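Please read the sequence alongside the three-dimensional structure shown below, and follow the side chains as the text moves from the interior of the protein to one helix and then to a single loop residue.

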Amino acid sequence: MGQNCIHYASSPFGGGVEVADNKSTPVEDPGSAEAGEKGCPPKFSCCPERLGWAVIEQVPDCHPVVALLPGGALSHQGRGFLFHVCKTAPYLGSRLILYRRYRWPFSGRIISAGGFEMKLHGTMTINCRGHLEIGGCDTVELASTFGTPLYVVDEVLFRQNCREYYRAFTEKYGAEVIYAAKTLLTLAICRLVEEEGLGMDVVSGGELYTALRAKFPMSRVYFHGNNKSREELRLALEARVGRFMVDNLYELEMLNQLAGEMHTRADVILRLTPGIEAHTHEYIKTGQIDSKFGLVIENGQALAGVKRALEMDHIILHGLHCHIGSQIFELDSYAHAAGVMMDFAARVARETGWAPSELDLGGGLGIYYAEGDQPRPVAEYADVVMRAVREKAMAHGLPVPRVIVEPGRSISGPAGTTLYTVGAVKDIPGVRKYVAVDGGMGDNPRPALYQSRYEACVANKAAAPAEEVVSIAGKCCESGDMLIWDIALPRVQPGDILAVSCTGAYNYSMSMNYNRLPRPAMVLVKDGRADIIVERETYADLLRNDVIPERLRKSRRLNVASAR
């Protein structure tokens with residue numbers, strides 16, 4: 001639908017609203033049938049509760065805008081849509097649109113009067129009780145049933161993200177998409193990835209073992225890691241993984257030796273360092289020269305690695321790999337990396353006669369965490385990468401290699417939400433108001449590590465206007481355990497449920513037991529059903545591997561006074 005076309009939606013006054021160029025004019029209600037034909041919902045049923053006012057703003061390529069209406073502070077919903085109108089709030093020149101409930105394929109953003117803003121992802125919506133819903137499940141009820149902190153994974157959105165990559169790369173270009181398991185991996189996640197037709201990138205023996213236990217097809221597993229042990233390599237050889245992503249010459253020699261001992265050959269892709277400075281956080285830039293990852297192209301290490309691999313009896317070299325970083329929004333970085341890799345491939349072909357049949361360009365596409373993040377469409381990313389590879393292949397007279405990409409964050413990140421229960425509230429007048437929750441850096445260390453930003457809402461007051469600016473503190477005994485600084489929320493009270501969005505990537509996978517805090521449970525939600533996919537740790541779990549030596553079991557408390 002075009003942004004300036006005329007569309008209709010029911011209004012609380014019995015008439016419709018004609019929308020063109022973000023202006024509203026009362027018109028005769030076109031009726032349910034005609035509205036449905038125009039892609040808008042039929043007449044809305046009014047939600048019985050007064051929810052306060054909000055502006056719902058569209059995201060790109062979604063439903064056309066519906067201008068802000070003067071009217072009562074009511075919520076209207078129907079056929080998967082929900083919107084709010086208000087006569088008490090001043091006209092802000094903002095637009096009000098219909099945003100999706102879980103069965104419609106687009107999402108929106110909710111902005112309340114006080115400046116609070118949280119983008120609604122995937123199947124998120126606000127129900128008639130004013131509660132945040134995900135996958136048709138009331139998050140307040142999820143918190144009550146499963147406890148908090150609680151990781152919530154939106155199955156529909158996770159699958160949708162997988163399919164977006166599959167369509168953009170595999171269906172259109174024949175490229176391979178492998179999910180970066182380090183972002184989020186459980187047995188259930190393995191099943192989702194397999195069902196959606198993606199391969200899997202693992203970086204440790206533990207991740208490989210998880211894939212094995214989930215019966216994930218080993219031929220579609222790519223084994224990464226900058227310091228793989230002999231035991232990990234042996235496990236991978238026994239499992240017959242699809243590719244070893246070799247990071248250095250030490251690993252290459254060890255893998256060749258082990259494969260010889262096991263009377264087999266290892267299928268290898270060499271990881272290179274192309275020297276690309278992607279605009280991202282210092283700790284998550286991996287493609288520049290000064291990096292622990294890969295063989296450097298510029299100083300000759302990469303060429304030496306290729307030549308050595310080609311000489312080995314138990315190594316089959318298939319291709320080249322690079323990964324320039326994470327949370328990247330500038331697609332030119334990918335095009336540049338592809339160009340550098342293909343230029344190197346041409347040099348290798350001239351000197352050895354070998355050309356890569358596979359080119360793995362890593363992952364790292366950025367996602368929306370908070371205001372200011374502007375993720376690029378996956379389809380555009382695919383077009384940029386494939387165009388760059390094909391143009392360079394033609395320029396150098398090389399065959400076009402099979403392209404491989406490794407998305408992780410952009411699949412799992414938006415699909416995850418973490419629920420917390422609010423506890424202590426500390427107000428320092430004129431300075432700051434701290435709101436403490438029952439989790440923190442133990443379940444999400446990213447703000448402490450990377451100064452990562454997140455959005456949040458009070459799940460049991462999701463439709464209420466913001467009234468105050470607070471900072472969300474974790475419960476770890478660390479002053480740096482702060483989840484969110486200075487966020488506008490409704491009046492927060494102990495017992496409220498806080499929902500932090502986009503926590504699917506690098507939260508559970510980086511969680512820890514600092515302060516002996518048990519790790520949270522995780523549920524997979526879809527169509528009103530919530531299934532546990534990771535059990536909550538107990539205090540007993542924390543002690544499972546602890547051992548008291550026999551000599552300490554028999555010893556008695558030392559009497560300090562008598563010892564003197």
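In this predicted model, the largest nonpolar core holds 91 residues, and the members that touch the most others within it are F169, Y179, M200, F244 and L320. Helix α9, which spans residues 332-352, gives the most to this core, contributing 10 residues. Apart from it lies another core, of 21 residues, among them L150, A459, A463 and I497. In soluble globular proteins, nonpolar side chains tend to be buried together.

L320 can be followed further through its contacts: leaving out residues up to four places away in sequence, L320 touches I269, L270, L272, V306, M341, F344, A345, W354, P356, E358, L359 and D360. Two places along the chain is a cysteine, C322, which counts as buried because its relative accessibility is 1%, under the 20% cut-off. C502 likewise counts as buried, because its relative accessibility is 1%. As for cysteine pairing, the structure holds zero disulfides.

A further step leads to helix α4, residues 187-195, in which I189, C190, L192 and V193 are the buried residues. Seen down the axis of α4, these buried residues fall within an arc of 165°, so they line one face of the helix. An α-helix has 3.6 residues a turn, so residues three or four places apart point the same way. What lies over the buried residues of α4? The elements covering them include the helices α3 (155-173) and α5 (205-213), together with the strands β17 (176-180), β18 (199-202) and β32 (521-526). After α4 comes G197, whose phi is positive, near 85°.

The last stop is N444, which is placed in the loop between β27 (432-437) and α12 (446-450). Is this loop residue buried or exposed, given its relative accessibility of 2%? N444 counts as buried, because a relative accessibility of 2% is under the 20% cut-off. Its polar side chain has partners there: the side chain of N444 reaches the backbone nitrogen of R446 at 3.2 Å, and a polar contact of 3.2 Å joins the side chains of N444 and N507. Once neighbours within four places in sequence are set aside, the residues in contact with N444 are Y420, Y454, L483 and N507, so that N507 appears both in this list of contacts and as a polar partner of the N444 side chain.

Note on methods:
Residues numbered from 1 in each chain as written. Predicted model: local features only at pLDDT ≥ 70, side-chain atom pairs only at ≥ 80, totals over all residues. Heavy atoms only, no water. Helix = DSSP H or I, 4+ residues; strand = E, 2+ residues; numbered from the N terminus. Buried < 20%, exposed > 50% of the residue type's maximum accessible area, 1.4 Å probe, protein only. Polar contact = N/O pair within 3.5 Å; in protein donor to acceptor, adjacent residues only side chain to side chain. Contact = heavy atoms within 4.5 Å. Disulfide = S-S within 2.5 Å. Arc of directions from axis to C-beta. Core = buried A, V, L, I, M, F, W, Y, C linked by side-chain atoms within 4.5 Å.
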